[in-house]
Amino acid sequence: MEYLIGIQGPDFVLVAADNVAAHSIIQIKHDYDKMFKLSEKILLLCVGEAGDTVQFAEYIQKNVQLYKMRNGYELSPAAAANFTRKNLADYLRSRTPYHVNLLLAGYDATDGPGLYYMDYLSALAQAPFAAHGYGAFLTLSILDRYYRPDLTRDEAVELLKKCVEELNKRFILNLRSFTVRLIDKEGIHDLEKLPLV
Amino acid sequence: MALQDVCGFLNAPLYPHWNAPPKSREDTTFMLGKRSGADSVSRWLPRSSSSSPMEFYVPVQEYLMESPIEFGQIRPSFDSDWTNPKADDHLPYSLPSISVQSAIPLYISPSVPLPFPLGHGTTTLGFVFQGGVIAAADSRSSCAGLVACPESQKIIPVHSHLVSTTSGTSADCALWKRILARELRLYQLRNRRRLSTGGAAKLLSHMLHPFKGTELCVAATLCGWDGDEFLGGDERSMDAGTQSKGTDGKKTGSVSEASFQPVAEPDAKTQPTASNKTSSTLITTKQTGPRLYYVCSDGLRLQGELFSVGSGSPYAYSILDGNIHWGLSVDEAVSVAREAVYRATHRDAYSGNNVDLYHVTAKGWRRRKREDLKEEYYREKERERKRVEERRREIENKKQTK
């Protein structure tokens, strides 16, 4: 029902998420933002069960901020991803596991851009491109076919547009709009919402 | 947690040996008798240093072993995805929430039987526009296919500038609204300003989160007006005098609001806060204006401009979606809200009887007189009949003139 996608380039990460908040057959909100800013250069995209997403993502967000306050410097994306995964894993075999699927995208001064795929069973993998949701079935092969490690920003946006077109054509649900953001060494930039009218 | 603190669930049982078999009890009383040597009454009373008035004797040992969140939890005995809301509802053709609206008890528990099957049928809605926030709801409480109460109140005022529509289990909603009202009042007393609607929504969402996965079912929309002034001076000095002044001001309001009947419900909780506007000393620049939040017991918390909750919500959405925009006048907004609830009650079996309407503005909430929708149905039939007659007459006239 919900869709997340991330594409990593040589010096940036491009991420997009749909804007629908649904409750059984009804869309209760059309402009819902599923991205959570963990720090100046890290974004957490979170989908899954209704209350778990916000609770878990805000928990991670506040803890990353707390780390910065205590130690004076920010967590790197790799460290934040592993911290998130550890929390998911700890809650997995408790009475209240968090059923959330995540993409964590960030830019590190030393390591460069990073995109991390996490799922509700607390699997963690760094990947050049990743997607969550039913839409992933339709778009991963497009990413496989057209992705290159040396994509420019415009090419990455074009690739994203191809994916969104395919969703509009073949996906049974109407995902009207997507929030798109780009992370590079300058920080997080908001791009134009897709699809362009 | 508020509820656990109140009930003292987390504290150790006060009289553990009352649950023990009679043999060991004799020993202890014998011991006590030796030690005190006093009257027989004190022999039976175990000495305890802490005796909180909130602690009560729980007779069943097993209940003390369970976590308070699992207390009375119903465990599903059959594993069908479409009735289990925790299942993966990513399947496009499963409608978990709609099926919940059926009055069949979903969880048949071997441990704690439900006293009666719980129903979740209702139509409530709320939307913001330039004149404030409108909250509307029907008044039918259903239970296992019967109408348990045709005149229940589904919109509960939380404080002078916040009302909340309730959906789900009526008892849960009523309790949590009271708890929310208490917490908001405490915040107000401690911080000398009202908590914003967003803050109230976050508070409620965090209070409900530990009960996720239990039978607790609360789906509320908080409709409020965020003010921007600090409370000046001593609130207790704002007595009923200023309150009546406030209501007089409402009565002589603009013509468009003449259809409202202002409420004279002196609630001790809201009295001081209703006189906010008359006692403002500081104006700070913050986000003010009408606000609408949807809070659900499975943790969802959304801000928006239009929400409808309940089994009748799809019917209400279809009426509201075409007709709501920011620039509505108060009369138009009221009539759209009324019509949406009316259409939903017409089609949905679990909604009906009356429509309640609350309008929240910067001055606080005002309640419209409760309307019986049965009358509305007959009035609409009458209007239709007249329209058909007129059309017939027009066609006849045209034929005659030709």
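User: Before numbers, what do accessible areas come from here?
Analyst: Accessible areas come from the Shrake-Rupley method with a 1.4 Å probe. The model is predicted.

User: OK, so how much does chain A expose?
Analyst: Chain A exposes about 9,400 Å², and 51% of that is supplied by carbon and sulfur atoms.

User: And how many of its residues are buried?
Analyst: Of the 197 residues in chain A, 52% are buried. The chain's secondary structure consists of four helices and 12 strands.

User: Switching to pockets. How much space is in the second largest one?
Analyst: The second largest pocket holds about 910 Å³. It is lined by 28 residues, and those closest to its centre are A:Lys29, A:Asp31, B:Gln303, B:Gly304 and B:Glu305.

User: Which element gives the most to that lining?
Analyst: Strand E4 of chain A does, with four residues. Other elements that give two or more residues include helix H1 (50–71) of chain A and helix H10 (313–323) of chain B.

User: What kinds of residues are in the lining?
Analyst: The lining of the second largest pocket has 14 nonpolar, six polar and eight charged residues.

User: New topic: how many aromatic pairs are there?
Analyst: Over all chains, the whole structure has 11 aromatic pairs. In one of them, A:Tyr91 and A:Tyr98 have ring centres 5.0 Å apart and planes at 70°, so the pair is edge-to-face.

User: Are those two tyrosines buried or partly exposed?
Analyst: A:Tyr98 is buried, at 13% relative accessible area, whereas A:Tyr91 is partly exposed at 27%.

User: Which residues are in their cluster?
Analyst: Ring pairs link A:Tyr91 and A:Tyr98 with A:Phe56.

Methods. Residues are numbered from 1 along each chain as its sequence is written. Chains are lettered from A and ligands numbered from 1 in the order in which they are written. This is a predicted model: local features need pLDDT of at least 70, side-chain atom pairs count only at pLDDT 80 or more; totals for chains, interfaces and linings use all residues. Side-chain values use heavy atoms; hydrogens and water are left out. Buried means under 20% relative accessible area, exposed over 50%, partly exposed in between (1.4 Å probe, protein chains only). On a 1 Å grid over the protein atoms alone, a cavity is a set of points where a 1.4 Å probe fits but cannot get out, and a pocket is an open set with protein on both sides within 12 Å along at least five of seven lines; lining residues have an atom within 4 Å of a point. Grid points are joined across faces, edges and corners, and a volume is the space filled by probe spheres set on the points. Ala, Val, Leu, Ile, Met, Phe, Trp, Tyr, Cys and Pro count as nonpolar, Asp, Glu, Lys and Arg as charged, and the others, Gly among them, as polar. Rings of Phe, Tyr and Trp (its six-membered ring) pair if their centres lie within 6.5 Å; planes under 30 degrees apart count as stacked, over 60 as edge-to-face and the rest as tilted.
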